[in-house]
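User: Hey, I've got a structure open and I'd like some help reading it. Can we go through it bit by bit?
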Amino acid sequence: MALTTLTLTTRLGASFGKDTSANASAVTFKGSSGTLQCVEIDNTAASSEDAYVKFYDHASPTVGTTSNDMTLPAPAGKKIAYQFSEGIAFGTAITMACVTTPGKGGTSALSSTVIVKVVYD
């Protein structure tokens, strides 16, 4: 996991976060309440595994045990972007993990590198 965060001066969002090796370990982009504006998932390194990026409104979720609030898929070999025109509010924190199976129980990391970028307030 290699997490980078930057402060932005745009109307879209105030901060940018990038995890260059997203995996089944939870990563907190923002440790307090915030609004998720957009997400880009780069799963182009995978030839056969779909990626599922789980978002949690929780500062330290246990992947596979804590219920996630949202799951965004990225098919194998694809880069996909999601933009939320009104934003998605998180009351406690903005945390994510990337796994091979959707739903609460998925805990396995992909065998290839997945890059996740987010813009949030």
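Analyst: Sure, let's begin with a definition: rings of Phe, Tyr and Trp (its six-membered ring) pair if their centres lie within 6.5 Å, and planes under 30 degrees apart count as stacked, over 60 as edge-to-face and the rest as tilted. This is a predicted model, where local features need pLDDT of at least 70, side-chain atom pairs count only at pLDDT 80 or more, and totals for chains, interfaces and linings use all residues. Residues are numbered from 1 along each chain as its sequence is written, and side-chain values use heavy atoms, with hydrogens and water left out.

User: OK, how many aromatic pairs does the structure hold?
Analyst: Two. One of them is Phe29 with Tyr120, a tilted pair at 6.3 Å centre to centre, with 50 degrees between the planes.

User: Where in the chain do Phe29 and Tyr120 sit?
Analyst: Phe29 is in strand β3 (residues 27-30) and Tyr120 in strand β9 (residues 115-120), so the pair links parts 91 residues apart. Strands here are DSSP runs (E, at least two residues), numbered from the N terminus.

User: Is Phe29 buried or exposed?
Analyst: Buried, because its relative accessible area is 6%, and buried means under 20% (exposed is over 50%, partly exposed in between, with a 1.4 Å probe and protein chains only). Tyr120 is buried too, at 4%.

User: New topic: which residue forms a salt bridge with Glu40?
Analyst: Lys117, with the closest N and O atoms 3.5 Å apart. The rule asks for a side-chain nitrogen of Lys or Arg within 4 Å of a carboxyl oxygen of Asp or Glu, and the count comes to one. Lys117 lies in strand β9 and Glu40 in strand β4 (residues 34-42), so this pair ties together parts 77 residues apart in sequence. Lys117 is partly exposed at 26%, and so is Glu40 at 23%.

User: What's the strand order in the open sheet of four strands?
Analyst: The order is β3-β8-β5-β6, with antiparallel pairing. Two strands pair if DSSP finds at least two bridges between them. β3 and β6 (70-74) stand at the edges with a single partner strand each, so one side of each has no neighbour in the sheet.

User: How many bridges join β5 to β6?
Analyst: Five, and the two strands run antiparallel. Phe55, for one, has Met70 in β6 as its bridge partner.

User: Last one: how many disulfides are there?
Analyst: Zero, where a disulfide is a pair of cysteine sulfur atoms within 2.5 Å. As for cysteines, Cys38 is buried at 15%, and Cys98 is buried at 0%.
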